[in-house]
Every structure is written in C-alpha cells, then in structure tokens.
Amino acid sequence: MCGIYGHIKKGSKTNSAIACIDGLKRLEYRGYDSAGIAGIHQGKIVSYKTVGKVRTLDRVVQDNNLDLKMAIAHTRWATHGSITELNAHPHFDEEKALALVHNGIIENYQKIKKTLTSAGIKFISETDTEVISHLISFHYNGDIAKAVEKTLPELEGSFAIALIHKDHPDRILVATRGCPLAIGVCHDSKDIYISSDSNAFTGRSLDVFYLHDDEYAVVTEATIEVYNMAGIKLTKSLEVLNLEEKFISKDGYEHFLLKEIHEQPLSVERALHGRLDFKNGTANFEELSLSDDLLKKTTRILILACGSSYHAGCIAKQIFESLAKIPTEVEIASEFRYRNPIILENTLVIAISQSGETADTLAAVKEAKRSNSPVIALCNVKRSSLSRLAKSTLWLNAGPEISVCSTKAFTSQLSLLMLLALKIARTKDLDLAGGKAFLSHIENLGKQISAVISKAPEFKLLASKYASFKQFFFIGRNYMYPTCLEAALKLKEISYINASGYPAGEMKHGPIALISKDLATVAFCGNVHTFDKLLSNLMEIKSRGGPILAFAPEGYNEILGITDDVIFLPKQISDPFAPIPYSIAGQLFAYYIAILLGTDIDQPRNLAKSVTVE
Ligand code: AGP
C-alpha cells in the first residue's frame, strides 16, 4: 500500500524536503505506520525514517534543517515486515548509492532475494521492497535508466516506485505496474511533482499525466522522458489540473469522524442534488453515459466492492431486486477476482468505492470488463483510478472523507444506489406513481438523518453502559441485516471490540450458543415488515440471559418489554430507506464507545483509508 511523493525544485524557492512532507500529509490516507524521505546532498544519499505518522518525520526533518533540491518520500502501511524504522522506506542498495520508495507488493521477492543473497548481497530489512533496490543496483552499470529497465520484467506483482541514485543527482526515476503514479509540472515554477495520487497536488496549477502499467520515466527539472519496458520512448498527453487549496478542518468537532457523522444531512442532500426528477418519477444523472435503452435491457446486476462499500452494495441488492426486479449479485471484490466468475450477457456491473483506489475493487473491475459488460462506478474521490476504468462514474459529492472509518460516504453511496435503482426500475415496469412515491421517501431522508443525530446524547449515555462488553452481536432482518454488518464493522474498526453482524433469524442455527450475560446484542429493528419475527428472535436471546439494546422505530413499544434498553428512531415509513438512519445510529454508538476506550478514532491502528494492495 503506501503513498509515494517526489519533488524536483526548478523555479520555486520550495525546499523539496518540505514539499515532500506536505505531500505525504495528503497521502497519509494510504497508510500511517511509518514515513521516510531521501535526497542527495554533497554526492551522498541523505535519508530520514521514522515510525508512526508523518508529523514525526516532519519534526525530524525540521530539527535537522533538511534542505534538498530533489527528494522522494513515502508513507507506509506495512505489508511485509513489522512496523520498524528498518522496514520503513526508502530502501537502499548495499552501498547506499540509491534510495527507493515503493507502493505495492512484489510477489516473487523471496525468489529474487534468494538469488541475490547467493550472489553475496546482504539484506537488512524484512520487506519485499528491498529486493528492488538491490536488483536495480545489481543491474547498474553506469546507466540507471537501463538498470531500471532490466529490473522491471523480473518483478512480479504490483508496484509504483520512485528512486534516486547518487551518481545522477539531477533525476528521479519512476515506474509502475498496477499502482497509480502521477507526474505534474507546476505552471508557475516549473517544479516537478510526483505522487501516488494527483489530488495530493492541491494548491497548485499543473500539467499532469499518469504513468501506465509497465512504463517508466526519467524525470529531471528540464525533461520528463517516458519509456515502455522495451525502452521505446513514449509521448504522453497532459491534463491541466487546477486544484484549489482546501483547508479541511474539524469545524470544532473533536474528531473528523464526529464531524462527518454530523455532516450527513448535507452530504446526503448533495448526493441527491439535481438528480430527483419528480415530474417523471425518476432520477437523472448528468454523468451517466449509458442509454435508457441499455438500462432497460439489463437482466442482471453485479456489484463489486469492499468493506463498507460492499455493505452498501448488499443493501442495494435488495432494492434492485424489489424495485427494479433485476437479479443482483454482490461480490466482495477480493473474492470475485480469483474465482472464474460467470458474467452473463446484459449484465450491468456497478463498482462502489469511496476512494476509487481500492486495489481489490480495481482488479475485480478489470476482470469484469473482460466480459464487455458496462461498468458504472460510484466514487467520491475525483480523478481516481476506478473512474478512469469505468464507463460512467456517478459522483457521491460527499466532500472529502478524512476519517478512515467511512460514514458519510456510505450513506451517500446508499442514496445514489437508491436513485440508480429507481432510474433502472423506471425504464422497466415501475409506473409513474410508484416512481414518485419512491422519490418522496428519498426526499424525506434529510429529516430522518437529522432526527437520529439529534439523539446523540442518548447514544452517548448508552455507550457508557455497553463500552465494557468485549463482544457484540448486531442483529436484524432483511434490510437491517446488511445494515448490521456495517454497524459491526464500525465498532470493530474504531473501538477494537469484536463485533459480528448477523441475520437475526439465523442466530438459532449456531451463534446463539455464544449468548451469555457477557455478550451484548444490539437489535436493529428498522425493518417493520419483519418486526414481529425479530421480536421472537430477541425473546430467544433474552431467555438465555443475553443483554439487549434495541434501535427501534417510534411507536413500536412492544420492544420495551423485551430489551434492556431502547433508543427510538424516527417513525418508520418504508423499509428500504431505513438503512440510512439506522446506519447513522450504528455510527454514533460506535463513536461514543471508542471515545470511552480512548482509541485513535480518526486513524485507527493497522488501518488505512485507501487499501491499495491486495
Ligand atoms: C470503512 O469504514 C472502511 N474503512 C473500509 O471497509 C472501506 O470501506 C473499504 O476499504 C473500501 O474502501 P473504498 O470504498 O474506498 O473502496
């Protein structure tokens, strides 16, 4: 995983070390286990590495007055090797003649390591990355570009790399396969910027291009030369990027997570804005390039996603099937890519990803595209890799989601998926009145979200009662089952408590064995259609001494006699819309528990906002 940043100073007064630290801070969503930087000073590689977040490296760089005209830098999410300074990037060859940073995984690193070790080369880290440094050095014969060119075909797996060599102090070499890498030339200063994500170029106006798979580039302050693996020089077309500096603050909230939870009335409104067509009882998407005719012909939907985005897909499946009557499969992207999937004719593929950079989702989409099915992406981050792969991208417009734990992006995904289901349903059998009724429920969501958020003090109070439990079940039926999967993920992610989302009716087939006074059950009762059935399932838990907290719609007072605690949520109007308010209830509950447990809420341990490796 990880984020790569590089800078070559030309016309500006910018110190490349500071430019890189600034860039790394914007890339920290890709991992924050350790950070490092390297440049060349007086003919030698100079480098600093620190364990932990970029701010620690920043302090070291400042304390040492590191002043560079060219630098490469890295923020790491550990894959191979523990979180130590030795395993932090950059990695070097034996003589420390070159320094290299890497995003991705070298799958054949052990084989290469064995060969190099038997040639007498000594390794000092546990990483896969170190083999690239040694291999380039092994092939180096005075021409660093040729050494890179010789090395690339020997690497299996995915990578974006950037490297410098002390004998060539004017250049950074970069190469990619399966990982994004953007290169930009600043309009004013002509300084060169290199990054895993062009969004990290914020605050500047640049000409930008992305390297494609199996390309490498030699970047100096004067020229950028791009080659393919055969050494043939390529021409790249540039895209002008004007990225305004947006200062993203917590707006007085203690955490970005809490701010983002509170933003949801607005972010959902932005997801819906301009897309509700009341006159025709449908939804309109400016960005959708697929014709109504093609949508009408769709006989199957395949949704690909990971994590929270996958949960959004699971909820959407039920809506696509009940509203548009289209059989829908939802696949965890990391599973889909390796199981020889059958994609029938007239399948519409929907890929959901907040970041648009999730490696598993990208790979699954590439696999799905082999069937020539049209791909619609739902993304939040503009210019992301997924949006470049898809035929059409529907933008969430949720605004930057900083907290690693997804909240507002998830509810925006749901909002958009509901609209897409409506649009497709209207090309099929759903009549105008049905379409209009669906829209009026969607329009009502803002009020429901605000009503849930206004109950924050109740969630806080009950969190203090339940924070001491070490295990949780989140149970619900129909639409509430995938909503529970999401709620359990929130709790796991930010409080580090073991939680399982489970279909309430399935508890009796095994998991009920776990019920005791030490395991808390949170019942999501937002599926009115199955409310009575859920009550029976809760009785079964109560009879076995399990404590129960319920989130239930106002007016459903029967719940009071069964559960230990209840938080009443807005009166239920229609089941398919309940996942939005109920998932916000889950977010608030997880947040207040995490507060009591004192975890790192916005950047929980072991996680990254964007998972760019398999
Ligand atoms: C959600 O809270 C998680 N951080 C994670 O599951 C996330 O949803 C997943 O990694 C997918 O990310 P994406 O939407 O950017 O593809």
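Trainee: In this predicted model, is Thr75 buried or exposed?

Mentor: The reading rests on a cut-off: a residue counts as buried under 20% relative accessible area and as exposed over 50%, with partly exposed in between. Thr75 has a relative accessibility of 1%, so this residue counts as buried.

Trainee: Where is Thr75 found, and what lies 2.7 Å from a polar atom of its side chain?

Mentor: Thr75 belongs to strand 4. A polar atom of its side chain is 2.7 Å from the backbone oxygen of Gly31. Gly31 also appears in the contact list of Thr75 once neighbours within four places in sequence are left aside. Others in that list include Cys2, Gly3, Leu24, Leu27, Glu28, Tyr32 and Val54.

Trainee: Now Ser195. Which strand holds Ser195, and is the residue buried or exposed?

Mentor: Ser195 is in strand 10, residues 192-195. Its relative accessible area is 0%, so Ser195 is buried. As for polar contacts, the Ser195 side chain reaches the backbone oxygen of Asp197 at 2.8 Å. Beyond four places in sequence, Ser195 touches Ile4, Tyr5, Leu27, Leu181, Ala182, Ala200 and Phe201.

Trainee: How do I read a residue that falls between the cut-offs? Take Glu554 and Asn498.

Mentor: Glu554 has a relative accessible area of 38% and is therefore partly exposed. Glu554 sits in the loop between strand 26 (548-553) and strand 27 (565-569). Asn498 has 46% relative accessibility and is also classed as partly exposed. Asn498 is in strand 24, residues 498-503.

Trainee: How far apart in sequence and in space are Glu554 and Phe568, and Asn498 and Lys259?

Mentor: Read the two separations side by side. Glu554 and Phe568 are 14 residues apart in sequence, with 5.2 Å between their C-alpha atoms. Phe568 is also one of the residues that Glu554 touches, along with Leu569, Pro570 and Lys571, when residues up to four places away are not counted. For Asn498 and Lys259 the sequence separation is 239 residues and the C-alpha to C-alpha distance is 25 Å. By the same count, Asn498 touches Lys470, Gln471 and Phe472.

Trainee: What backbone geometry should I check?

Mentor: Most residues other than glycine have a negative phi, and most peptide bonds are trans. Exceptions to either rule merit a listing. The peptide bond joining His89 and Pro90 is cis, with omega about 5°. Pro90 is in the loop between strand 4 (70-76) and strand 5 (91-92).

Trainee: Which loops hold Lys96 and Lys325, and what are their phi values?

Mentor: Lys96 is in the loop between strand 5 and strand 6 (98-106), and its phi is positive, about 55°. Lys325 is in the loop between helix 9 (307-324) and strand 19 (328-332), with a positive phi near 60°. Neither is glycine. Their accessibility classes are as follows: Lys96 is partly exposed at 34%, and Lys325 is exposed at 60% relative accessible area.

Trainee: How many residues surround the ligand, and how are they classed?

Mentor: A shell is read by distance first and by residue class second. There are 15 residues around the ligand, the closest being Ser309, Ser353, Ser355, Thr358 and Glu493. The shell contains five nonpolar, eight polar and two charged residues.

Trainee: What lies at polar-contact distance from the oxygen atoms of the ligand?

Mentor: A polar side-chain atom of Ser355 is 2.6 Å from a ligand oxygen. Gln354 has a polar backbone atom 2.7 Å from an oxygen of the ligand. For Lys490, a polar side-chain atom lies 2.8 Å from a ligand oxygen. On its own the ligand has 410 Å² of accessible area, and the protein covers 91% of it. The elements giving two or more residues to the shell are helix 9 and helix 17 (480-495).

Trainee: Which domains contribute at least three residues each to that shell?

Mentor: Domain 2 (250-443) and domain 3 (450-614) do. The full division is domain 1 (3-242), domain 2 (250-443) and domain 3 (450-614).

Trainee: And how far apart are the centres of domain 1 and domain 2?

Mentor: Taken over C-alpha atoms, these centres are 34 Å apart. Eight residues of domain 1 and seven residues of domain 2 take part in the contact.

Conventions
Residues are numbered from 1 along each chain as its sequence is written. This is a predicted model: local features need pLDDT of at least 70, side-chain atom pairs count only at pLDDT 80 or more; totals for chains, interfaces and linings use all residues. Side-chain values use heavy atoms; hydrogens and water are left out. Helices (H or I, at least four residues) and strands (E, at least two) are DSSP runs, numbered from the N terminus. Buried means under 20% relative accessible area, exposed over 50%, partly exposed in between (1.4 Å probe, protein chains only). A residue is near a molecule or strand if one of its heavy atoms lies within 4 Å of it. A polar contact is a pair of N or O atoms within 3.5 Å; within protein, one must be able to donate a hydrogen and the other to accept it, and residues adjacent in sequence count only if both atoms are side-chain atoms. Accessible areas come from the Shrake-Rupley method with a 1.4 Å probe; for residues, only the protein chains shown count as cover. Ala, Val, Leu, Ile, Met, Phe, Trp, Tyr, Cys and Pro count as nonpolar, Asp, Glu, Lys and Arg as charged, and the others, Gly among them, as polar. Domain bounds come from an automatic or database domain assignment. Contact means heavy atoms within 4.5 Å.
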